[in-house]
Amino acid sequence: MSETHYNDPAELAPQSSPGELLKREREKQGLSREEVASALNLRPAVVDGLESDSYDEVPVATYRRGYLRAYSRLLGIDDRSVIEAYNARFGNIEGEHRVTPVHVTKPPSRLGAWLFKLATLIVIAGLVGLTLLWWQSRGGNDLLGIGGNEPVAVDTLDGTPVTEEPEPAGEMLPPLPDDSNELGLVDDEAQIEPGSDVAVDSERADVAPSSINDEEETSTAAITGDRSPSPSDAVATLVPDAEVDMAPETESEASVAEPSAEPAEEAPAEAVEEAAADPRTLELTFNEQSWTEIFDANDNRIFVGLQESGTQATAEGQPPFRLTIGNATGVELRYRGEIIDLGSRAGSNNVARFTLGE
Amino acid sequence: MFKRLRGLFSSDLSIDLGTANTLIYVRGRGIVLDEPSVVAIRQSGNMRSVAAVGVDAKRMLGRTPGNITAIRPMKDGVIADFTVTEQMLQHFIRKVHQSTFLTPSPRVLVCVPCMSTQVERRAIKESAEGAGAREVFLIEEPMAAAIGAGLPVEEAQGSMVVDIGGGTSEIAIISLNGVVYSESIRVGGDRFDEAITAYVRRHYGSLIGEATAERIKEEIGCAYPGGELREIDVRGRNLAEGIPRSFTLNSHEILDALQETLASIVAAVKSALEQSPPELASDIAERGLVLTGGGALLRDLDKLIAEETGLPVIVAEDPLTCVARGGGKALEMIDQHTFELLSSD
């Protein structure tokens, strides 16, 4: 396809413009401008322009070069020499006509894309942060709840009567801790025996409310349904007895009757009663499955685990105890012979967190 | 600065996946690969393996023993054999990467015929993805050809491009970065070869192969009478005698052979002109239409179309690579603009 007709080497001189080359060749062949124009389907003005190297008629470089090549091929001369002459004169820069989209659709520029990515990241980070905050605030609420529960627990433990029966509490409360401490001390000295005494105490306690708390029952309606006041009262009333009773017993029995001198039939009852009354012992009855964790005063985990329904468990440790009881409504907690109302201490998720025995 | 950094790490390719030739343009480096779209498959038992791709495979075309088949996985501008196309692309992309240190998963822009169906486009896209492309863009061939030829596609002026490829001829009128009218006919270089083969068979009673037909077309083929007479000696198998015979063909005969095929192209061009809006038609009448693709190299094709349409016709510079170069230019613009030249699917 390369028909190279170097008609005259002189024509290829670098100084000759493409228009001159073409014009000279056309005149040599005896063609008129109009003939060339009709052969190329171009207007004679365009052919004129091509020959005089003024390309006002043809603004697009591609077409200019195309016409030049078509013209030179029509004349039978090598189109490359003409294009070279054109390039030498006008440069090839126009050939590198850049195509730029006309619709400035405001494309998401590079920066825009980055901004978009950044904004997305920030939004995501913000969302994550908010979620964390919310979660933490919820956790914080829980903590607060626990914090709030704790004093309540303290109050309720020692002060179930306190809160619920204001008048007697004022009088009864102060001696209570002392008494319990004393009780504890006594118990420490004689662990086996106090059961019996306590049993007696509790018997008395059972009796006591009816006799002693008559006025209270009538005065404060809240107490009637609640057994809680009675033990405290009972304890309160028992305190002197305990002191009186135990002192001699510990002395006498600790020395003599310790190696199970007591009748065998008494032992289980004793144990139960002992557990019931012992402030170091927590008795748990699981009516439903529950996860329970108990820490004692020394922060030792004395009891932990998922308990199946229908099981019982006892935990011993140094009071006060910190308890976490899941599925609180399905668990019965007995401490010092009292049933602790877990339902009222359970949070919305039915987990009771509180402190017992302070 | 940013652009240079991006350019440093980018290994974007523009692939002109043609029926006859596959060209790969690497951004910033130009055309790096131009090979025939031919794959030679070796069959050993149930195992199929690629024996050769590109030039080597093309040499085998029509000369293979029983266990090797040299096939052209593209037909009429679209994929005819999906897996083979994928393997071919893989081979070409790897070849491009071996010579340079580009990342193994480039962004790829592939040219598709404008009348190809969604299924065909998806097939091309997926085969490019299967060949390791990270991202595949599709561009319609005439658009790429117009950009590659340097036409002012972004202007509010009609530009007409006729891209005559191996399998298809694409005719499009472009204005404002969009295709106003496009027509794709499944007539191209291959049809020229077939026409020549049929002519030789009819008039000489001899069979010639694809490669010979192509050689005849390239050496003496012409589209318009009046040029100097050329001749070529070819050898083909005589059908009556069953033995190879040598005979001489001249350009007039080939012109005769190609007449029908050329007429269909001319008809398509005329129909495009008929369909174009008057303003654009006047632009085209003023500036003319541009021929690209390998078919544009057929001697005096521009003259034929100029004669038939009465419009100025110019042949683009380096028409074979127009589409790949245009794809490359489009690729460069992808980063800068939401690129409306790209095909939607």
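Hi everyone, let me start with A:D79, which counts as buried because its relative accessibility is 18%, where buried means under 20% relative accessible area with a 1.4 Å probe and protein chains only. This is a predicted model, where local features need pLDDT of at least 70, side-chain atom pairs count only at pLDDT 80 or more, and totals for chains, interfaces and linings use all residues. Residues are numbered from 1 along each chain as its sequence is written, and side-chain values use heavy atoms, without hydrogens or water.

A:D79 sits in helix α5 (residues 79–90) of chain A, helices being DSSP runs of H or I with at least four residues, numbered from the N terminus. Neighbours within four places in sequence aside, A:D79 is in contact with A:R69, A:S72 and A:R73, contact meaning heavy atoms within 4.5 Å.

Next, helix α4 (residues 61–75) of chain A. Of its 15 residues, 13 are buried, so α4(A) is largely enclosed by the rest of the structure. Just after α4(A), A:G76 has a positive phi of about 80°.

Over to chain B. How do α6(B) and α8(B) lie relative to each other? They are oblique, a class for angles outside under 35 degrees (roughly parallel), over 145 (roughly antiparallel) and 65 to 115 (roughly perpendicular). Helix α6 (residues 189–204) of chain B and helix α8 (residues 251–275) of chain B pack at about 140°, their axes 9 Å apart; axes are lines fitted to C-alpha atoms over the stretch in contact, and angles run from 0 to 180 degrees between N-to-C directions. Among the residues that meet are B:F192 and B:Y199 in α6(B), and B:L258 and B:I265 in α8(B).

How values were computed:
Chains are lettered from A and ligands numbered from 1 in the order in which they are written. Buried means under 20% relative accessible area, exposed over 50%, partly exposed in between (1.4 Å probe, protein chains only). Helices (H or I, at least four residues) and strands (E, at least two) are DSSP runs, numbered from the N terminus.
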